[in-house]
Amino acid sequence: MTVSRYSLTALTLLASALPASAGAPQVTVQADRTSAQFGQPILVTVRVRGAADTPEVRPPQIEGAALVPLGPPRVVPTFAADLEAKGIIHAGTGGRFAGALKGLGDPAALGGLDPDLMKMLGAPDLLKAAPGRDTNDYTFVYRVDPQKPGQYVVPAFTVASGGQTATTKPIALDVTPAKPQPWVRMALSLSNPTPTVGEEVQLYVDLLVQRTQVSFNNKTYPHLPVKEMSLTIPGLDGVAQFELVKSLETVVQEGAVEPGHRGFRVNGLPGEVKLEHEPADRNVPGLDPARYRRRLTIPLRMREGGQVTIPPARVAGDVYVPSSARAGKWEPFVAAGAPLTFAVVDLRGRADRPADFGGLIGPVRVTAQASQTRLAVGTPFTLKVRLEGSGSLAQATAPDLAARPDFAKSFRVRHEDERLAGAAREFTYTLRPLSADVKEVPPVQVSYYDPKSSQFAAARSPAIPLEVTTAANVTPDAPPDVPVPAPAPTPAPPAQASAPAPEEEAPELPVAEAGSDRLLAWAEVGLAAVCAVIATVWGVRAWKRRRLTRASRRRYQATMAEATRGLQSSAPTIEGVRQTMQDFLRRRFRLPPGEVTPRDAADCLRGAGVEEGLARACADLLETCATAEFAPGVVALSPTDLAAYARKLIDRLASAPALAGALGAGATPPS
């Protein structure tokens, strides 16, 4: 095998980069800075080179400071780590480079990692014998947290590996007071400044950087550029008044930066997080015209009432400060915000709490809109109620209009839906006017708690004028004929084997040889025995079928009696007929609680495979009952007629093959 000039060059570099032999592990320690401002993180790195097993590192105790490990160690094969250090391969690719070499049957795998190295290597198989392939380099990182400015010493680390023990040299640190600087600030705030017990709020950790347009590295920034950023969030665990909805580790993981990008380190946790940019709309309330905002959001849930203080958050890093005289320079900085103090309000035991209070904190504006204002008695229309104003809208419950006398006396009310619409909350209701005397939709009142006055207050929407006319007779003179299907005929038992049905004349059997008469006699006896066994088995099965059929019929009759109990009264009511039909549909089709509208019923039955005529008849029955309730005297049919009609519909629904599975176990109509 020939070795090219590039291969010789590469091997020469490898020989100078890799250890000549796998001797005892080498242990070194290094601090990323020995002089720092108070609050600026100091990282201490312990590196164990050429270890054949996982080293055991015993960190020292630092007087007046804490030494915090930052995650598990980084592990890279020794030869790959040295290639990184020499610049032969790109930084951070040592692990992937080593993995590719383990199966370097295809040299293209190496070229995909580092094209420059691939050009140098004419015979990559030579790397398989490189020294340092069977040992690893371990890198342990710790953060030093001094309690105050002053002089500190990081004593020796003790490292055990391969049956040997090594110690590192001490490191002297000089921590000076943080210098005042105008460039970066920190701030803590809550999405709702006055949260209540049980409410979920957002804790905002805001980084505020001086707002100015800066061009740096062919990129324009709306603020001073920053780098090497490290955030320190105060401890949020163990506070009686609130709890973390998500751990800080989860928040960092979910907001991790994309590969190849730089973000913000948080409390020394693994990985870097991307902070949210401020809105493009500069008119959003809360934005500082002099500082650009980057935000980290941490969800909290309030548990107990009382006052609580969260200590300040800190940030350290480098900020690029432009200069008119020169291009500018990077300045190290440390910034700390103010503590956040707030009160968690517990309204559960307040004697003055209104009955309709739904959790709204702060003033609110209420508006209402009707889908139509001219309609006949019993005609459904949509009422939308919109709340705007407070930060607790997401936790507010819907106003119970059906329980309010001013609505209940004039309308049938059904709550349909609710949703968040930007900074507002919308509730949707279906209303049906009960009589032509209804002249308006009453004002919708919503109670809220005003934290400024520590009192409850109420907001109301304007009333909506209505013009309600007498309903027309929409009921047919008589219900359509809905025949109940007759049970399927019971199949006739099979004929006896001794009396087969007439068939074509069978061909004559050939004449048997001598002695065949005796054989034929035995065959007849055997055939008779087989027929007897068949007849016995059929008789047992028929007896079991009749017994199961009788049990199934009894269960079916009990189920139907239960389903139509509301129709058995000698003096049925319209409401009872409607309720019975709704309950039957709700149980058999797992419909949600609440009123089953005619449209709901028809759509549900069609979806279950019921024929169109039967689905439409059920919907018409519910519509007729609603009209009779809302507009007495308009419907010509009596409650007794409607009850009989409902019984026929329910019986036919229960007998429909498409609904057999919806009746539940033990309630299948007998065949």
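**Group meeting: pocket, cores and selected residues**

I will start with the largest pocket, whose volume is about 650 Å³, a volume being the space filled by probe spheres set on grid points that are joined across faces, edges and corners. Here a pocket is, on a 1 Å grid over the protein atoms alone, an open set of points where a 1.4 Å probe fits, with protein on both sides within 12 Å along at least five of seven lines, and lining residues have an atom within 4 Å of a point. Before going on, I should say that this is a predicted model, in which local features need pLDDT of at least 70 and side-chain atom pairs count only at pLDDT 80 or more, while totals for chains, interfaces and linings use all residues. Residues are numbered from 1 along each chain as its sequence is written, and side-chain values use heavy atoms, with hydrogens and water left out.

The largest pocket is lined by 22 residues, and Lys219, Tyr221, Val226, Arg262 and Arg294 are those that lie nearest its centre. Strands E14 (219-223) and E15 (226-232) each supply at least two residues of that lining, with E14 giving the largest share, five residues; strands (E, at least two residues) and helices (H or I, at least four) are DSSP runs, numbered from the N terminus. By class, the lining has 10 nonpolar, five polar and seven charged residues, where Ala, Val, Leu, Ile, Met, Phe, Trp, Tyr, Cys and Pro count as nonpolar, Asp, Glu, Lys and Arg as charged, and the others, Gly among them, as polar.

Strand E15 also holds glutamate 228, which has a positive phi of about 50° although it is not a glycine. Most residues other than glycine have a negative phi. Glutamate 228 is partly exposed, at a relative accessible area of 39%, taking buried as under 20%, exposed as over 50% and partly exposed as in between, with a 1.4 Å probe and protein chains only. Serine 454, in the loop between strand E30 (445-450) and E31, likewise has a positive phi, near 55°.

Turning to the interior, the largest nonpolar core has 44 residues, and among those with the most contacts inside it are Leu207, Ile233 and Leu296; such a core is a set of buried Ala, Val, Leu, Ile, Met, Phe, Trp, Tyr and Cys residues joined through side-chain atoms within 4.5 Å. Strand E13 (residues 200-216) gives the most to this core, with seven residues. Apart from it lies another core, of 29 residues, including Met581 and Leu637.

Is serine 461 buried or exposed? Serine 461 is buried, with a relative accessible area of 3%, and it lies in the loop between strands E31 (455-460) and E32 (464-465). Its side chain reaches the backbone nitrogen of valine 444 at 2.9 Å. Leaving aside neighbours within four places in sequence, serine 461 is in contact (heavy atoms within 4.5 Å) with Val366, Thr367, Ala368, Pro443 and Val444.

Alanine 172, in strand E11 (residues 171-176), is by contrast exposed, with a relative accessible area of 53%. Its C-alpha atom is separated by 6.7 Å from that of threonine 34, although the two residues are 138 residues apart along the chain.

Finally, for the chain as a whole, there are 12 helices and 33 strands, and buried residues make up 40% of the 671 residues.

How values were computed. A polar contact is a pair of N or O atoms within 3.5 Å; within protein, one must be able to donate a hydrogen and the other to accept it, and residues adjacent in sequence count only if both atoms are side-chain atoms.
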